[in-house]
Amino acid sequence: MTVAEDPSEDEVRAELDAYLARRKGKGSGPTAADFTLTRLDLLRASITRHIERRTEVTRHEPGFVDLADRPVYDVLRDYELGPHEKPLDKPLELVQRGSAHPRSCGCGNGRRQCADCNGMTYRTCEPAQPCPVCAGVSPCGQYLKHGGLPSTPPRPPKARKAARPEERVTCAACHTPDSACPGCQGWGRVKCVTCRGRGRIPCGPCKATGTVTCGTCRGHGRTTSWTAGRIAWISPTETVSHPDPWPRRVAADLGSGGWRTDRLGAGDPLPDDFSADHRSALARHLRQQEGEQDRTVVIKRITVVRATPRGSGNREYYLFRGLSGDLEVRARISDEGRGKAVAAVLAAVAVLVLVLLLVT
C-alpha cells in the first residue's frame with residue numbers, strides 16, 4: 001500500500017477543524033486557528049548486513065571422506081563466489097587443492113589394546129570378601145585352636161543365609177562345635193559373589209576380547225586429512241531511531257500508523273525527500289563494514305503534528321496518517337489540564353480533611 005505524502009499545514013488544520021466541529025458543534029468551541037502546530041518527523045530504520053567470514057583449518061576425519069563435491073581453491077582469500085554460492089543459510093565448505101591425504105592409522109586394523117585389562121580379556125578381583133553376618137570380626141570363638149586368627153582359605157565358602165545370626169555352628173577350621181559364625185563357618189570371609197571365588201572377572205569395556213575400537217580411525221583402519229576452507233555469511237541487524245523520542249501520549253497508537261516504508265539495497269541512495277536530520281541520523285550507520293558483501297536497509301517514516309492551545313486549554317491534539325492514508329486525530333489532556341486536575345484533587349482532599357477536623 002502506498003502511503004500519502006506528509007500532511008501539509010492546511011490539511012492538518014482542516015482535519016482538526018472537522019474533528020472539533022464533530023465534538024462541539026459549529027461555532028461553539030475552539031477552532032484550529034486557536035492551536036499552535038509542531039511537526040515531529042519520526043524515523044525508525046533497520047540495517048541488515050551480510051558480512052563474510054573466511055576461515056581455514058586442517059581437518060582429520062576417520063575413514064575415507066569423499067570430498068569430490070566440494071569446491072576447490074588455491075588461496076582462500078582469492079576464491080570468488082559463484083552466482084549460486086551465497087552462504088546465507090549454511091557455510092560453504094571448500095578443499096584446498098592437493099591437500100587431501102588418506103593415511104593408514106597406527107592401530108593397523110581399526111582396533112587397539114584395551115586399556116582396562118591391558119589385552120588380558122579379564123580384570124583381577126578379590127576372590128573373597130568379609131562375611132556379611134560377622135563382618136570378619138568374630139568368625140570363631142576358638143580361633144587359637146586353628147593357629148591364631150583364621151586366614152582366608154584357598155577357596156572360601158559360599159556365604160550362608162543365617163536365620164538367627166546369634167546362633168553358632170561347628171567351625172570348619174578347628175571343628176569346635178557351637179563356636180563359629182553361621183555365615184562363614186569360622187573363616188571370616190566368604191566367596192566373592194562377582195567372580196565366584198575365581199579371582200578375576202571378564203573385562204567389560206572390551207567384552208573380554210582384549211581389544212577395543214580405535215578412537216582415532218573409529219574402526220576404519222585409516223584416516224583422511226585435508227585443509228578445509230570455510231566461507232560463511234553472518235547477518236546482524238542494527239536498528240536506528242531518530243534522536244527525537246516518540247510522543248509518549250500517542251506512542252501506542254503510532255505502532256499501527258501509516259508509516260512510509262523504503263527498502264534499499266547496498267548501492268541504493270537515500271530517498272530524495274529525506275530530511276537533513278534523518279540523513280545525519282543514518283549517515284554513520286551506513287558506512288560499509290569490513291567483510292560486508294550485501295545489505296538490506298528498511299526505512300520507516302511518519303510525521304506527527306502536535307496541536308497545543310495558544311492560550312488556556314485542557315486538551316491538545318495529535319494528528320498523523322493511518323494505514324488508509326487519511327489523517328487521524330488523537331485527543332489528549334494537555335499539561336495545563338493535568339495541572340488543573342491535580343489541583344482540583346488536592347483541593348477536594350483539603351476540604352475533606354477540614355470537614356473531618358470540624359466534625360471531630
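These legends describe close-up views of a predicted model.

**View 1. The largest nonpolar core.** This core holds 13 residues. L16, Y19, L20, F35, Y317 and L319 touch the most other members. Four elements give two or more residues each: helix 1 (9–24), strand 14 (292–309), strand 15 (315–321) and strand 16 (327–333). Helix 1 gives the most, with four residues. Apart from this core lies another, of eleven residues. L264, A281, L282 and I299 are among the members of that other core.

**View 2. The surroundings of F35.** F35 is one of the residues that touch the most other members of the largest nonpolar core. Leaving aside residues up to four places away in sequence, F35 touches R13, L16, L20 and P30. F35 also touches A307, T308, P309 and R310. R315 and Y317 complete the list of its contacts. Ring pairs link F35 with Y19 and Y317 into a cluster.

**View 3. The Y19–Y317 ring pair.** The structure holds three aromatic pairs, and this view shows one of them. The ring centres of Y19 and Y317 lie 5.8 Å apart. Their planes meet at 70°, so the pair counts as edge-to-face; the cut-off for that class is over 60 degrees. Y19 lies in helix 1 and Y317 in strand 15. The pair therefore ties together parts that are 298 residues apart in sequence. Both Y19 and Y317 are buried.

**View 4. The W246–W259 ring pair.** W246 and W259 form a tilted aromatic pair. Centre to centre, the distance is 5.4 Å, with 35° between the planes. W246 sits in the loop between strand 12 (237–241) and helix 2 (251–254). W259 sits in the loop between helix 2 and strand 13 (260–264). The two residues are 13 apart, and the pair links distant parts of the chain. Are these two residues buried or partly exposed? W246 has 29% relative accessibility, so W246 counts as partly exposed. W259 has 7%, so W259 counts as buried; the cut-off for buried is under 20%.

**View 5. R44 over the ring of W259.** W259, a partner in the tilted pair with W246, also has a charge over its ring. The charged end of R44 sits there, 4.2 Å from the ring centre.

**View 6. R200 over the ring of Y122.** Which residue places its charged end over the ring of Y122? The residue is R200. Its charged end is 4.3 Å from the centre of the ring.

Notes. Residues are numbered from 1 along each chain as its sequence is written. This is a predicted model: local features need pLDDT of at least 70, side-chain atom pairs count only at pLDDT 80 or more; totals for chains, interfaces and linings use all residues. Side-chain values use heavy atoms; hydrogens and water are left out. A nonpolar core is a set of buried Ala, Val, Leu, Ile, Met, Phe, Trp, Tyr and Cys residues joined through side-chain atoms within 4.5 Å. Buried means under 20% relative accessible area, exposed over 50%, partly exposed in between (1.4 Å probe, protein chains only). Contact means heavy atoms within 4.5 Å. Rings of Phe, Tyr and Trp (its six-membered ring) pair if their centres lie within 6.5 Å; planes under 30 degrees apart count as stacked, over 60 as edge-to-face and the rest as tilted. A charge sits over a ring if NZ of Lys or CZ of Arg is within 6 Å of the ring centre and within 35 degrees of the ring normal.
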